[in-house]
Amino acid sequence: MTVREGSLEAPTRHPIDWKGKDFYDEKSCFDEMERVFDICHGCRRCVSLCNSFPVLFDLIDEGTTGEMDGVPREKYMDVVDQCYLCDVCYMTKCPYVPPHPWNLDFPHLMLRAKAIQFKKGTPTEFRDTTLSNTSANGKLASIPIVVQTVNALAHNKTARAIGEKVIGIHKDAWLPEYASKPFEKTHATSKPLPVKNGAKTPGKVAIYTTCYVNWNEPGIGHDLIKVLEHNEIPYVVVDKQACCGMPKLELGDLDSVAELAKVTLPQLANLAREGYAIVTPIPSCTLMFKQELPLMFPNDPDAQAVKAAMFDPFEYFVGRNKDGLLKTDFKQGLGNVSYHVACHLRVQNVGQKTREMLEMVPDTAVNTVERCSGHAGTWGVKKEFHEIAMKIGRPVFRQMSEHPKANSGQGGLPDFVASDCQLAGHHIEQGMAGQGDGKVAHPLSLLAKAYGY
């Protein structure tokens, strides 16, 4: 029987069998990597997405046979280390994902290999585990006096050089500052507004703040609240939040993901069952609840309830507009906005809702860039990967700095640089080599600005 070249059906995802007896079996995993890598070798359409595929194809081309049998198995982890689980190959490029009979899921195979690697231990385990402890880091770093010290060291060249040598965080990588007043301690309380449900959107919102917004840039959360209040949407902020688990997932630490899920899922599921739309302002966290946790816990009713209630904020606002329940009384145009579509938003399959929303604002021209920035959470700040991250992002840096409507239509620098992933936004700012300084604004902050706040 001839197997057709590609699948015409929409991609589907199998549950992650991380409790299965073979999941942590290294030989079984490497056998599957050999099968998948061989199919990738015959296709190669993902070569421009990230560094995993160039590394793989170089290993094959420079091997003794020019085929997979010429690549030593100990080199397979070189490919795994380059994958940061963006999911773009699965959702946008690969023609062999299920339901195709070849059944390729490159990102989740890399996740399996990372999980095996994490169980065995690595030389960078301390650094990697420390970086992924986002909540603990935030609680410690936001202590008065400590926060000023931490932020000062992040900008001190001598301290950064020592940090690169001792910890393994690249001395030139952009690092987020910590806020002295986290969002969870400073956010406003919703007014007692009536709940107006629409056909596409619940009429009340539960805000899952995310570690980044809570500890690093609480202003994004405050701007989300301003937009909700302007549109007379009642809200609650999820109390005593734990991390979504994405940093642990990217590390392959699935046991820690499960422990965090024990905290987050019951609380969010209760809100979902009470009729709240759950909104998260960082797309990686949204994706975790929409996809990864439901696939890790396919039979958990809490995971499935949260999945059904989870919204990207702009997915929610555009849906609200289609329900005829969103105000469009914008007070201020945004000028020329270069907008980057984050990978973890692209793979949610909701369309470009942020772009749609920003384009509703009068006197606003949106230059949309749909390509990986290369930052990838903690991956892009690590000593061994930062320069690769900058290389991956180079086309994005150029496109973001060339707004077609700037300089009276001649092209040039935008008024704002925006990405749904604020980490990517600052990575792009760094890659623009000073041209983006002071221009980075989260799309939620731009929307609040357009409303006049």
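Buried means under 20% relative accessible area, exposed over 50%, and partly exposed in between, with a 1.4 Å probe and protein chains only. The model is predicted: local features need pLDDT of at least 70, side-chain atom pairs count only at pLDDT 80 or more, and totals for chains, interfaces and linings use all residues. Residues are numbered from 1 along each chain as its sequence is written, and side-chain values use heavy atoms, with hydrogens and water left out.

**View A. Lys262 pairs with Glu259 inside helix α14.** A salt bridge is a side-chain nitrogen of Lys or Arg within 4 Å of a carboxyl oxygen of Asp or Glu. By this rule the model has 25 salt bridges. In the one between Lys262 and Glu259, the closest N and O atoms are 3.1 Å apart. Both residues belong to helix α14 (residues 254–273), three residues apart, about one turn of the helix. Helices (H or I, at least four residues) and strands (E, at least two) are DSSP runs, numbered from the N terminus. Lys262 is exposed, at 57% relative accessibility. Glu259 is partly exposed, at 46%.

**View B. Lys290 and Glu315 link two helices.** Their side chains form a salt bridge, 2.8 Å from N to O. Lys290 sits in helix α15 (residues 283–296) and Glu315 in helix α17 (residues 313–322), so the pair ties together parts 25 residues apart in sequence. Lys290 is buried, with a relative accessible area of 15%. Glu315 is buried too, at 18%.

**View C. Glu356 meets Lys353 within helix α19.** The salt bridge spans 3.9 Å, N to O. Helix α19 covers residues 353–359, and the two partners are three residues apart, about one turn of the helix. Glu356 is partly exposed at 27% relative accessibility, while Lys353 is buried at 15%. Elsewhere, Lys27, Asp31, Glu34 and Arg73 form one network through salt bridges that share partners.

**View D. Three strands form an open parallel sheet.** The strand order is β6-β5-β7. Strands pair if DSSP finds at least two bridges between them. At the edges stand β6 (364–369) and β7 (416–419), each with a single partner strand, so one side of each has no neighbour in the sheet. Neighbouring strands are turned by 25° against each other on average, direction ignored. Axes are lines fitted to C-alpha atoms, for helices over the stretch in contact, and angles run from 0 to 180 degrees between N-to-C directions. Strand β5 (residues 335–340) runs parallel to β6, joined by six bridges. Val337 has Val366 in β6 as its bridge partner. Helix α22 (residues 422–431) packs on the sheet and touches β5 and β7. Contact here means heavy atoms within 4.5 Å. The direction of helix α22 makes about 140° with that of β7.

**View E. Cys29 and Cys83 sit without disulfides.** A disulfide is a pair of cysteine sulfur atoms within 2.5 Å. By this rule the model has zero. For Cys29, the closest cysteine sulfur is in Cys83, 12 Å away, too far for a bond. Cys29 is buried, with a relative accessible area of 0%. For Cys83, the closest cysteine sulfur is in Cys50, at 6.1 Å, which is also too far for a bond. Cys83 is buried at 7% relative accessibility.
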